[in-house]
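Colleague: Please pick one part of this model and take me through it closely. I am new to this. Short sentences would help.

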Amino acid sequence: MRQFISKSANETIQLGKKLIDNLPKSYHVILLNGDLSSGKTTFTKGIGKALGITSVINSPTFTILKTYQGTKTLNHLDLYRMDGIGLDFDLEDYILDEDAISVIEWPSQVEELIPQKHVLVELKWLNETDREIKISTSDGNSDWIKKI
Ligand SMILES: Nc1ncnc2c1ncn2[C@@H]1O[C@H](COP(=O)(O)OP(=O)(O)O)[C@@H](O)[C@H]1O
Ligand SMILES: [Mg+2]
């Protein structure tokens, strides 16, 4: 596990970018845990940047999945409003796609669909500008995290 203190939205974007720049090929699912406004979507913008995605990544109301095309496909899932939504597609197909990077905000909503091997990013609001960001892996392999 590694802990970072981000002092601005831009720093959080850079951290998301560096995570992907250093991510071993064997990981393709990234879970983002943290309260509203902790910076999950901001972090995802950095992930998009690393994948060469130029369109704006945001969290539009009532959209729980958006897919972007970059050097790899990015599946951005925001499951905050998932309760009570009848899904007319199979989320699992997106999460299990090993050729894509899947980033999941509010992953506890789909606990049973999360692959055993994943990266966990825990974000915490400290004050208007500061966030604590912890990065770890489900299998405890953190050598690559040291390079972030
Ligand atoms: N250090 C920081 N890291 C991330 N976001 C920050 C930071 N400082 C301020 N912010 C602001 O906090 C808000 C975070 O929103 P967002 O990324 O959508 O959070 P979430 O997806 O967790 O609800 C944005 O308005 C962002 O500009
Ligand atoms: Mg969000």
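**The metal site and its surroundings**

Modeller: In this predicted model, the magnesium ion (ligand 2) has two protein donors, Thr41 through OG1 and Glu105 through OE, at 2.2 to 2.3 Å. Thr41 belongs to helix 2, while Glu105 belongs to strand 5 (residues 100-105), so the pair ties together parts that are 64 residues apart in sequence.

Are these two donors buried or exposed? The cut-off for buried is under 20% relative accessible area. Thr41 has 18%, so it counts as buried. Glu105 has 3%, so it is buried as well.

Now follow Thr41 to the other ligand. Ligand 1 has 17 residues around it, and Thr41 is among those that come nearest, along with Thr12, Ser37, Lys40 and Thr42. By class, the shell divides into 9 polar, 6 charged and 2 nonpolar residues.

Which atoms of ligand 1 pair with the protein? Take Lys40 to begin with. An N or O atom in its side chain lies 2.7 Å from an oxygen atom of ligand 1. Next comes Ser6. Here an N or O atom of the side chain is 3.0 Å from a nitrogen atom of the ligand. Thr129 uses its backbone instead: one of its polar backbone atoms is 2.9 Å from a nitrogen atom of ligand 1. How much of ligand 1 does the protein cover? On its own, ligand 1 has 570 Å² of accessible area, and the protein covers 74% of that. Two elements give two or more residues to the shell: helix 1 (9-22) and helix 2 (40-50). Helix 2 gives the most, with 3 residues.

Helix 2 deserves its own look. Its buried residues are Lys40, Thr41, Phe43, Thr44, Gly46, Ile47 and Gly48. A general point helps when you trace them. An α-helix has 3.6 residues a turn, so residues three or four places apart point the same way. What covers the buried residues of helix 2? The cover includes helix 1 and strand 2 (29-33), as well as strand 4 (73-78), strand 5, strand 6 (119-125) and strand 7. Strand 5 is the one that holds the donor Glu105. After helix 2 comes Gly52, with a positive phi near 75°.

Now go to the loops. Ser37, one of the residues nearest to ligand 1, sits in the loop between strand 2 and helix 2. Its phi is also positive, near 75°, and the residue is not a glycine. Ser37 is exposed, at 56% relative accessibility. Trp106 lies in the loop between strand 5 and strand 6. Its phi is near 60°, again positive in a residue other than glycine.

One more loop links back to Thr129. Ser8 is placed between strand 1 (2-6) and helix 1. Ser8 is partly exposed, with a relative accessible area of 29%. How far is the C-alpha atom of Ser8 from that of Thr129? The separation is 5.4 Å, although their places lie 121 residues apart along the chain as a sequence distance. Thr129 is the residue whose backbone pairs with a nitrogen atom of ligand 1.

Notes: Residues are numbered from 1 along each chain as its sequence is written. Chains are lettered from A and ligands numbered from 1 in the order in which they are written. This is a predicted model: local features need pLDDT of at least 70, side-chain atom pairs count only at pLDDT 80 or more; totals for chains, interfaces and linings use all residues. Side-chain values use heavy atoms; hydrogens and water are left out. A residue is near a molecule or strand if one of its heavy atoms lies within 4 Å of it. A polar contact is a pair of N or O atoms within 3.5 Å; within protein, one must be able to donate a hydrogen and the other to accept it, and residues adjacent in sequence count only if both atoms are side-chain atoms. Accessible areas come from the Shrake-Rupley method with a 1.4 Å probe; for residues, only the protein chains shown count as cover. Helices (H or I, at least four residues) and strands (E, at least two) are DSSP runs, numbered from the N terminus. Ala, Val, Leu, Ile, Met, Phe, Trp, Tyr, Cys and Pro count as nonpolar, Asp, Glu, Lys and Arg as charged, and the others, Gly among them, as polar. Donors are N, O and S atoms within 2.8 Å of the metal (3.2 Å for Na, K and Ca); water is not among the atoms, so sites may look incomplete. Buried means under 20% relative accessible area, exposed over 50%, partly exposed in between (1.4 Å probe, protein chains only). Contact means heavy atoms within 4.5 Å.
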